[in-house]
Amino acid sequence: VNGYGFPAHTGGPMFWGEQNGLDRVLATAKALGAKNGQRWRPARLLEQLVESGKGFLDAGDFLKK
């Protein structure tokens, strides 16, 4: 957590993503992927969560499919 600039007491990057909108995280990941290659493209799970209006707490539902 601390390695990404998110001290543990702030909840970490996933908490930040939830609070600021996964759509914003997805847009940033897509922009980074376009600029820096496939390694930076967003995970399909993130795309599915945004498409369905869900959050990280719902990720398990998608992983079971």
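Which residues lie nearest the centre of the largest pocket? In this predicted model, Pro 13, Val 25, Ala 29, Trp 40 and Leu 46 hold that place among the 18 residues that line the largest pocket. The volume of this pocket is about 660 Å³, and its lining divides into 14 nonpolar, 2 polar and 2 charged residues. Helix H1 (12–20), H2 and H3 each supply at least two residues of the lining, with H2 giving the most, namely 5 residues.

Before going further, it helps to consider confidence. The mean pLDDT of the protein is 87, with 94% of its residues reaching 70 or more; among its elements, H3 has the highest mean pLDDT, at 95, and H4 the lowest, at 86. Where pLDDT is low, the predicted coordinates should not be read in detail.

From the pocket we turn to the nonpolar core. The largest such core has 6 residues, which are Leu 22, Leu 26, Leu 46, Leu 49, Ala 59 and Phe 62, and at least two of its residues come from each of helix H2 (22–36), helix H3 (44–52) and helix H4 (59–63). In soluble globular proteins, nonpolar side chains tend to be buried together. Leu 46 belongs to this core and is also one of the residues nearest the centre of the largest pocket.

Two members of the core show how its surroundings are made up. Leu 49, if residues up to four places away in sequence are set aside, touches Leu 22, Ala 59 and Phe 62, which are themselves core residues, and it also touches Lys 54, Gly 55, Phe 56 and Asp 58. Leu 26, found in helix H2, has a relative accessible area of 9% and therefore counts as buried. With the same sequence neighbours left out, Leu 26 touches Pro 42, Leu 46, Glu 47 and Val 50. Its C-alpha atom is separated by 19 Å from that of Gly 11, a residue 15 places apart from Leu 26 along the chain.

Among the contacts of Leu 26 is Glu 47, which has its place in helix H3. Is Glu 47 buried or exposed? Its relative accessibility is 15%, and because the cut-off for a buried residue is under 20%, Glu 47 counts as buried. Leaving aside neighbours within four places in sequence, Glu 47 is in contact with Leu 26 and Pro 42, as well as with Lys 30 and Arg 41. Pro 42 is thus a contact of Glu 47 and also of Leu 26.

Terms used
Residues are numbered from 1 along each chain as its sequence is written. This is a predicted model: local features need pLDDT of at least 70, side-chain atom pairs count only at pLDDT 80 or more; totals for chains, interfaces and linings use all residues. Side-chain values use heavy atoms; hydrogens and water are left out. A nonpolar core is a set of buried Ala, Val, Leu, Ile, Met, Phe, Trp, Tyr and Cys residues joined through side-chain atoms within 4.5 Å. Buried means under 20% relative accessible area, exposed over 50%, partly exposed in between (1.4 Å probe, protein chains only). Helices (H or I, at least four residues) and strands (E, at least two) are DSSP runs, numbered from the N terminus. Contact means heavy atoms within 4.5 Å. pLDDT is the predictor's confidence in each residue, from 0 to 100. On a 1 Å grid over the protein atoms alone, a cavity is a set of points where a 1.4 Å probe fits but cannot get out, and a pocket is an open set with protein on both sides within 12 Å along at least five of seven lines; lining residues have an atom within 4 Å of a point. Grid points are joined across faces, edges and corners, and a volume is the space filled by probe spheres set on the points. Ala, Val, Leu, Ile, Met, Phe, Trp, Tyr, Cys and Pro count as nonpolar, Asp, Glu, Lys and Arg as charged, and the others, Gly among them, as polar.
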